[in-house]
Amino acid sequence: MPNKLTLINASNLHGGGGVQVAISFLYELTMMGDDFSSLHVVASNEVGKGLLRLSANTQVFGDYQICDTFGLQAFNSKLNNRIKNYEVVFTIFGPNYLRVKAKKEIVGFAQPWILNFDNPISEKMSFFSKSVLRFKFFIQWLFFLRADHYVVELEHVKKGLMQSKGIDAEKVSVVYNTVSSLYLDKSKWKSINIEKGTEEISLGIVTRDYPHKNIGILPAVGQILESKYNLKVHFYTTLNELEWSARDDFFKMYVSTVGSLSPEQCPSFYQQIDGVVFPSLLECFSATPLEAMVMTKPLFASDRGFVRDVCAEYALYFDPLDANDIAHKIARYFNTGSNRTEHLEKAKNHALNFSSARSRAEKYLEIIQQ
C-alpha cells in the first residue's frame, strides 16, 4: 500500500467513461480490506453519488471529501491549498488544472485529439472553429506537460505520446481499462424500461453526443437498411435532454434516447437490445465494446485500431464513414440466421480476460508506490 501521503484526485470528473472508471477504482479499493490511511480522496459529486449507490465504505481512506472542479476554474480551487501536503497526487484522468503542482504528479491521459488533431472531424470544421479547438488542446497539453508520470489505457496511446510528443517511455504506464465489476454482480443492476416501436431489430450505444462518437451517421444507416435490405432497425442512445433537443426530425425517425443512465442501469439497457453499434472515429479507449461483449451482444464497430486492439476478431468491423458499409455488415449478420451463441460466449470470455477492475486498481496502486 502507498507509504507516502497520496491524494487521489477525481474532483474534475463529471460525465462519460471517466466517472465510471473513478467509481470502479475507488470501489475496488474499499473492497480490498487493506490499510489506506495514507490515501486521501477528493471526488466530484458524480463520483461520490456513484460510490454511495454502491454502498462503498469510503471510511477506509485516511480522508474522503466531495469537491467539484471544472476545467480551468480549478486554477483557483481551494484544493490548491492542500496539494503541498502530499508526496503524490494521482489525477485519474487529466488534465489537472490545479495551480499548485504536487511533488510527484501522476495523470491519466485519454485525450485522442491531442495525439491526432487532423482527423475526419476536424477536417469538416471551419477555419475559425478548428483554430479555437486547436488552441484549446494546446492549453490542455501545457497542463499535461507538468505531470511526472502518465497512465494510459492502451499501447497505441503510449506510442503516440512517445512519437508525437517526445515523452520518455519510462514516464508512461499502460493500465488496461475494463468493464466494471458491477457487470458481474446482478444484485447491483437497476432496471430501466425501453419503450420500443415496431422495429424488427434494436441496436444501441451508451454515449454522449460528442462529435467523435459519430452517431449522426445512424439515421442514414437505418434508412439504407430499410430501403435496400428491407430491415426495420431502430437505434437507441443515452443522450441527455439538451443533446436530444438539438437533433433534427430525420435523426429522430431512426434514433431514440432513453436519457442519461447511471452505471447500474447500463446492463439493463444492454439486455433489452439486439446488438451494440459503435461508430466512433476517435478514442484512446472506450469500455463500450467490452461491455457489449460481456453482455453477450453482437458488436458492430469501427474498423479502427482502438477497437481492434481490444476486441480482436470478436467484433464485426465496418468503415465508420460509410453508411452503406455499416448497413451491409448489420444486414449480413441478421439475415444469415445462423446460431452465433458459441461465438458470443467466446467474445464474453475474451472481454472478461482482457482486464479486471481489481487488477486495474492494483496496477494503479503499484504506479503510486513506485
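Guide: A cavity is a set of points, on a 1 Å grid over the protein atoms alone, where a 1.4 Å probe fits but cannot get out; its lining residues have an atom within 4 Å of a point. This is a predicted model in which local features need pLDDT of at least 70 and side-chain atom pairs count only at pLDDT 80 or more, while totals for chains, interfaces and linings use all residues. Residues are numbered from 1 along each chain as its sequence is written, and side-chain values use heavy atoms, without hydrogens and water.

Visitor: What makes Gln20 and Ile23 lining residues of the largest cavity?
Guide: Lining requires an atom within 4 Å of a point. Gln20 and Ile23 satisfy this for the largest cavity, as do Ser24, Leu54, Ser180, Leu182, Pro263 and Glu264. The volume of this cavity, taken as the space filled by probe spheres set on the points, is about 60 Å³.

Visitor: How many residues of each class are in that lining?
Guide: The lining holds four nonpolar, three polar and one charged residues. Asp, Glu, Lys and Arg count as charged, so Glu264 of this lining belongs to that class.

Visitor: Why is Glu264 called buried?
Guide: Buried means under 20% relative accessible area, exposed over 50%, and partly exposed in between, with a 1.4 Å probe and protein chains only. Glu264 has 2% relative accessibility and therefore counts as buried. Arg53, at 32%, falls in between and so counts as partly exposed.

Visitor: How do you know that Arg53 and Glu264 form a salt bridge?
Guide: A salt bridge needs a side-chain nitrogen of Lys or Arg within 4 Å of a carboxyl oxygen of Asp or Glu. The N to O distance between Arg53 and Glu264 is 2.7 Å, so the pair qualifies. The two residues lie 211 residues apart, Arg53 in helix H2 (residues 45-53) and Glu264 in the loop between strand S10 (255-257) and helix H10 (266-271). Helices (H or I, at least four residues) and strands (E, at least two) are DSSP runs, numbered from the N terminus.

Visitor: What makes Lys103 exposed?
Guide: The relative accessible area of Lys103 is 52%, and Lys103 is therefore exposed. Lys103 meets Glu87 in a salt bridge at 3.3 Å, N to O.

Visitor: Why is Glu243 counted as buried, and how is its partner Arg208 classed?
Guide: Glu243 has 11% relative accessibility and so counts as buried. Arg208, at 29%, counts as partly exposed. Their side chains meet in a salt bridge of 2.7 Å, N to O.

Terms used:
1 Å grid on protein atoms, 1.4 Å probe; cavity = no way out; pocket = protein on both sides within 12 Å on 5 of 7 lines; lining within 4 Å.
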